[in-house]
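Biologist: I am new to this structure and would like a close look at a single part of it. Please keep the account plain.

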Amino acid sequence: MSDLVPEVKARLDCAIQAARAAGQFTLSYFRRRDLAVERKTDATPVTVADRGAEELLRQQISQQFPQDGILGEEFPERPGTSGFRWILDPIDGTKSFIHGVPLYGTLIGLEYQSEPVAGVLFIPALDECLWAAKGQGAWYQHADAPWEPAKVSPCKYLSEALVVTSEIANFDAIGRPEVFQRLNREARLLRTWGDCYGYLMVATGRAEVAIDPIMNLWDAAALLPILQEAGGTFTDWQGRPTIYSGQGVATNGLVLEEVLAITRSG
């Protein structure tokens, strides 16, 4: 990995700039009453803001790194030859975006040879940005404040923890409603401050657990390096540190085993 540091850094600089540009683009459509909403083949919503933001991301990446692969939510994958692949979610939390909720974000994950090595998370409506690269720590910035280290909380017990999730119905959709019920019963507090903002809360020490029963690759790719570099964990429900399982749970590390005892029980 040390041999790749300059290449990862160059791409990370591009990712931060691109995420901010795409996020600012989405704000031009945010809370517009005339925003048209379409339904994709999987019945999830999409808007011109989603597509336009991804086009902007792809354009900026392609200009600087034409040999890299790109996988995004809204357009077909572009294979690459460099070993690097960008994984893009132009609006993570489109449902929130459509309803004028400011907790949506832009996610950019970077892989090298199928291993997540860096991630950027930008919340445009709140002007919060979070990035991490393997071995370089995780860093957080609000508005124009200086960058500061992102660190998970020191909370040791689930009974004292804040748990966040995106959509309660998804626990039912995979036949695991008892996971939500137990977390709701055993945690100090459970709230639906979800999508990528929930994971930002864990990485910055404001929550201890973020969990989703259903996650696409572009939902998860940026999160694993961010949570790990912030001192926490990002795994599937069996405890494997992967972005490929179609589910995810982030913790501060200290409550991980308590959470896995619940998610593994089914």
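Which residues lie on each side of strand 12 (residues 209-212), and are they buried or exposed?

Modeller: This is a predicted model, and the description below is of that model. Strand 12 has both of its faces covered. Val209 and Ile211 are on one side, Ala210 and Asp212 are on the other, and all of them are buried.

Strand 12 pairs with two strands described here, strand 10 and strand 14. Strand 10, which spans residues 162-165, runs parallel to strand 12, and 3 bridges link the pair. Within this pairing, Ala210 of strand 12 has Val164 opposite it. Strand 14 covers residues 248-251 and is antiparallel to strand 12, with 4 bridges joining them. Here Ile211 has Val249 of strand 14 as its bridge partner. Taking the residues one by one, Ala210 is buried on one side of the strand and stands opposite Val164, while Ile211 is buried on the other side and is bridged to Val249.

For a second strand with buried residues pointing both ways, consider strand 7, residues 128-133, where 6 of 6 residues are buried. Glu128, Leu130 and Ala132 point one way, and Cys129, Trp131 and Ala133 point the other way. Strand 7 is antiparallel to strand 6 (residues 115-123), with 6 bridges, and also to strand 8 (residues 138-142), with 5 bridges. Leu130 stands opposite Leu121 in the pairing with strand 6 and opposite Tyr140 in strand 8.

Key. Residues numbered from 1 in each chain as written. Predicted model: local features only at pLDDT ≥ 70, side-chain atom pairs only at ≥ 80, totals over all residues. Heavy atoms only, no water. Buried < 20%, exposed > 50% of the residue type's maximum accessible area, 1.4 Å probe, protein only. Pairing = 2+ DSSP bridges.
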